[in-house]
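Please take a moment with the sequence and the 3D structure before reading on. The paragraphs that follow go from the overall fold to the sheet, and then to some charged side chains.

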Amino acid sequence: MSELGPVDAIVLGFPGQRLTPAVLTAVDEVEARGDVRVIDMLIVVKDVHGDISHHEISEYEDMRDMAAEVAARRMLGLAGENDVEQIGLIMPPDSLVVVIFVENVWAREVAVRIREAGGRLLSYTRLPQETVDAMEDQIETAAAFGDSAAGDD
């Protein structure tokens with residue numbers, strides 16, 4: 001792993017500790033397609049009494065293959081005990097948080113070229129799902145009324 005693409009920390013919250021195998025399977029499928037590479041993963045649970053614990057993905061039977069691959073990549077040490085404590089402090093009781101550190105494999109080559117040119121990433125913003133949904137609605141509306149309606153604003 002001499003050159004990395006951009007790395008994101010994706011934080012997912014599940015009330016009632018309802019992490020389903022389907023969620024972890026979807027992460028595995030995205031990685032298998034080569035879109036991202038999971039570098040590290042952390043699962044934090046806060047029970048109804050406020051007690052905090054953390055779990056490895058190897059504890060989830062359907063994810064043992066991914067767990068072995070992630071363990072082999074743990075060169076970065078992105079998730080640790082300190083993270084568990086910090087996350088646990090802000091979690092509501094009876095909830096589960098999954099933190100997934102992923103390398104954006106698709107952007108690796110671009111990132112390498114930017115670094116070679118002396119450049120660096122100054123900002124990165126992910127649009128909230130509500131914004132994306134609103135844009136999709138606008139596109140669908142414009143398509144329903146023809147392309148000319150899209151440019152009439």
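In what order do the strands of the open sheet stand, and is their pairing parallel or antiparallel? In this predicted model, the open sheet has 4 strands in the order S1-S4-S2-S3, and the pairing is antiparallel. Strand S1, residues 7-15, and strand S3, residues 52-55, stand at the edges with a single partner strand each, so one side of each is left without a neighbour in the sheet. Neighbouring strands of this sheet are turned against each other by 20° on average, when direction is ignored.

The sheet can be placed within the whole chain. The protein has 6 helices and 4 strands, and along the sequence these elements follow the pattern β-α-β-β-α-α-β-α-α-α. Of the 153 residues of the protein, 28% count as buried. Among the contacts with a separation of 6 or more, 81% are between residues 24 or more positions apart.

Strand S2 is a good place to begin a closer reading. Strand S2, residues 37-46, pairs with strand S4, residues 95-103, in the antiparallel sense, and 9 bridges join the two. Within this pairing, Leu42 has Val99 in S4 as its bridge partner, while the bridge partner of Arg37 in S4 is Glu103. Strand S2 also runs antiparallel to S3, to which it is joined by 4 bridges, and here Ile43 has His55 in S3 as its bridge partner. S2 and S3 form a hairpin with 5 residues between them, and in the turn Gly50 has a positive phi of about 90°. In a regular strand the side chains alternate between the two faces of the sheet.

How many residues of S2 are buried? S2 is mostly covered, with 10 of its 10 residues buried. Helix H3, residues 81-90, packs on the sheet, where the helix touches S2, S3 and S4, and the direction of H3 makes about 50° with that of S2.

One residue of S2 that deserves attention is Lys46, which is found in this strand. Lys46 is buried yet has no salt bridge, and the nearest side chain of opposite charge, that of Asp47, is 8.5 Å away. A salt bridge needs a side-chain nitrogen of Lys or Arg within 4 Å of a carboxyl oxygen of Asp or Glu. What does the side chain of Lys46 reach? The side chain of Lys46 reaches the backbone oxygen of Gly88 at 2.9 Å. Leaving aside residues up to four places away in sequence, Lys46 touches a set of residues that includes Gln17, Asp51, Ile52, Gly88, Leu89, Met91 and Ser95.

Other charged side chains do find partners. Side chains of opposite charge can pair when their charged atoms come close. The count for this protein comes to 6 salt bridges, and one of these involves the end of S2 already met above. Arg37 forms a salt bridge with Glu103, with the closest N and O atoms 2.6 Å apart. Arg37 lies in strand S2 and Glu103 in strand S4, so the pair ties together parts that are 66 residues apart in sequence. Arg37 is buried, with a relative accessible area of 18%, and Glu103 is also buried, with a relative accessible area of 0%.

Which other side chain meets that of Glu103 in a salt bridge? The side chain of Arg108 does so, at 2.8 Å from N to O, and Arg108 is partly exposed, with a relative accessible area of 27%. Arg37, Glu103 and Arg108 are thus linked in a network of salt bridges.

A further salt bridge brings in strand S1. The side chains of Asp8 and Arg126 meet in a salt bridge at 3.5 Å, N to O. This pair links distant parts of the chain, with Asp8 in strand S1 and Arg126 in the loop between helix H4, residues 108-116, and helix H5, residues 129-144, and the two residues are 118 residues apart. Is each of the two partners buried or exposed? Asp8 is buried, with a relative accessible area of 13%, whereas Arg126 counts as exposed at 52% relative accessibility.

Definitions and conventions. Residues are numbered from 1 along each chain as its sequence is written. This is a predicted model: local features need pLDDT of at least 70, side-chain atom pairs count only at pLDDT 80 or more; totals for chains, interfaces and linings use all residues. Side-chain values use heavy atoms; hydrogens and water are left out. Two strands pair if DSSP finds at least two bridges between them. Axes are lines fitted to C-alpha atoms, for helices over the stretch in contact, and angles run from 0 to 180 degrees between N-to-C directions. Contact means heavy atoms within 4.5 Å. Buried means under 20% relative accessible area, exposed over 50%, partly exposed in between (1.4 Å probe, protein chains only). Lys and Arg count as positive and Asp and Glu as negative; His and the chain ends are not counted. A polar contact is a pair of N or O atoms within 3.5 Å; within protein, one must be able to donate a hydrogen and the other to accept it, and residues adjacent in sequence count only if both atoms are side-chain atoms.
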